[in-house]
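The paragraphs that follow walk through a single protein chain and its metal site, moving from paired strands to the elements packed around them. Please keep the sequence and the 3D view open while reading.

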Amino acid sequence: MSDTDKQLRVSKIRNGTVIDHVTGGQALNVLAILGIDGAGGESVSIGMNVPSDRLGRKDVVKVEDRELSQSEVDVLSLIAPEATINIVRDYEVVEKLRVERPERVTGLLTCPNRNCISNANEPVDSRFDVVDDGVRCGYCGTIVRDDIADHLSVS
Ligand code: CTP
Ligand code: ZN
């Protein structure tokens, strides 16, 4: 067995997206961001806390036949700032992107303040400004510091 064979824990995929170098332990939150709970029938492979030269331990999420939207990538960057997004077509990585911390995220997150206008069934999209210690609701100023994944509007 070659070293590569020994190191390959999760099979390669034919088409889809590999989210690599995810902060160890965050894989299930990545799935929550993508709105994947298994019920939709998606083919997903996950590696959790696998050894990584760069990060020590990392998670890897492979989703077949799926590409990510910009708002998904934006929220992802908040919980996995070192993540690499690899677009795979016909087994080859055709595009590799590092996530970037955005200035603002729209949609996807809900404000924890029940009285916030963004929770009032008004036709407004949630909007959060990314600040040093978390994200701040653009409507009421509430700051979400940790467990950002607990405030996803999907899931
Ligand atoms: N991958 C996959 N299926 C493919 C091709 C790649 O699942 N058909 C996965 C690899 O297992 C790896 C990631 O996509 O986790 C990136 O692949 P590649 O760029 O070939 O690996 P590296 O060069 O090691 O990536 P990096 O430099 O980003 O660490
Ligand atoms: Zn708010």
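**From a strand pair to a zinc site**

Ile46 stands opposite Val61 in S3. This is a predicted model, and that pair of residues is a convenient place to enter it. Strand S2, covering residues 44-52, and strand S3, covering residues 56-64, pair in the antiparallel sense over seven bridges, and a hairpin of three residues carries the chain from S2 to S3. Elsewhere along this pairing, Val50 is found opposite Lys58 in S3. As a general point, strands of a sheet pair through backbone hydrogen bonds, either parallel or antiparallel.

The S2 and S3 pair belongs to a wider arrangement, an open sheet of five strands in the order S2-S3-S1-S4-S5, with antiparallel pairing. S2 and strand S5 (92-98) stand at the edges with a single partner strand each, so that one side of each has no neighbour in the sheet. From one strand to the next, the twist averages 20°.

It helps at this point to step back to the whole chain. Three helices and nine strands are found in the chain, and from the N terminus on its elements follow the order α-β-α-β-β-α-β-β-β-β-β-β. The C-alpha trace spans about 60 × 30 × 25 Å along its principal axes, and of the 155 residues in the chain, 40% are buried. When contacts between residues at least 6 apart in sequence are considered, 59% of them join residues at least 24 apart.

A second open sheet is made of four strands, in the order S6-S7-S8-S9, and here too the pairing is antiparallel. Its edge strands are S6 and strand S9 (143-144), each of which pairs on one side only. S6 and S7 run antiparallel and are joined by three bridges; along this pairing, Arg104 has Asp129 of S7 as its bridge partner, while Val105 stands opposite Phe128 in S7. On the other side of the pairing scheme, S7 and S8 are antiparallel over four bridges, with Val130 bridged to Val135 in S8, and a hairpin of two residues leads from S7 to S8. How enclosed is S7 by the rest of the structure? Four of its five residues are buried, and S7 is therefore largely enclosed by the rest of the structure.

Helix H3 (residues 70-79) lies across S6, S7 and S8, and runs at about 130° to S6. This helix is mostly covered, since eight of its 10 residues are buried, namely Glu72, Val73, Asp74, Val75, Leu76, Ser77, Leu78 and Ile79. The buried residues of H3 pack against elements that include strand S1 (16-23) and strand S4 (84-89), and S1 and S4 are both members of the five-stranded sheet. The packing partners also include strand S6 (104-106), strand S7 (127-131) and strand S8 (134-137), which belong to the four-stranded sheet. Helix H2 (27-33) is a further partner of these buried H3 residues.

The last stop is the metal site. Which residues coordinate the zinc ion (ligand 2)? The donors are the SG atoms of Cys111, Cys116, Cys137 and Cys140, at 2.3 to 2.4 Å from the ion. The angles among the four donor atoms are 99 to 116°, and the site of the zinc ion (ligand 2) is tetrahedral. In sequence, the donor residues follow the spacing C-x4-C-x20-C-x2-C. Cys116 and Cys140 link distant parts of the chain, with Cys116 in the loop between S6 and S7 and Cys140 in the loop between S8 and S9, 24 residues apart. The structure holds zero disulfides.

Are these cysteines buried or exposed, if buried means under 20% relative accessible area? Cys116 is buried because its relative accessible area is 1%, and Cys137 likewise counts as buried because its relative accessibility is 4%. Cys111, at 6% relative accessibility, also counts as buried. Cys140, by contrast, has a relative accessibility of 33% and therefore counts as partly exposed.

Conventions: Residues are numbered from 1 along each chain as its sequence is written. Chains are lettered from A and ligands numbered from 1 in the order in which they are written. This is a predicted model: local features need pLDDT of at least 70, side-chain atom pairs count only at pLDDT 80 or more; totals for chains, interfaces and linings use all residues. Side-chain values use heavy atoms; hydrogens and water are left out. Buried means under 20% relative accessible area, exposed over 50%, partly exposed in between (1.4 Å probe, protein chains only). Contact means heavy atoms within 4.5 Å. Two strands pair if DSSP finds at least two bridges between them. Axes are lines fitted to C-alpha atoms, for helices over the stretch in contact, and angles run from 0 to 180 degrees between N-to-C directions. A disulfide is a pair of cysteine sulfur atoms within 2.5 Å. Donors are N, O and S atoms within 2.8 Å of the metal (3.2 Å for Na, K and Ca); water is not among the atoms, so sites may look incomplete. Four donors count as tetrahedral if all angles lie between 85 and 135 degrees; four count as square planar and six as octahedral if opposite donors are over 155 degrees apart and all others between 65 and 115; anything else is irregular.
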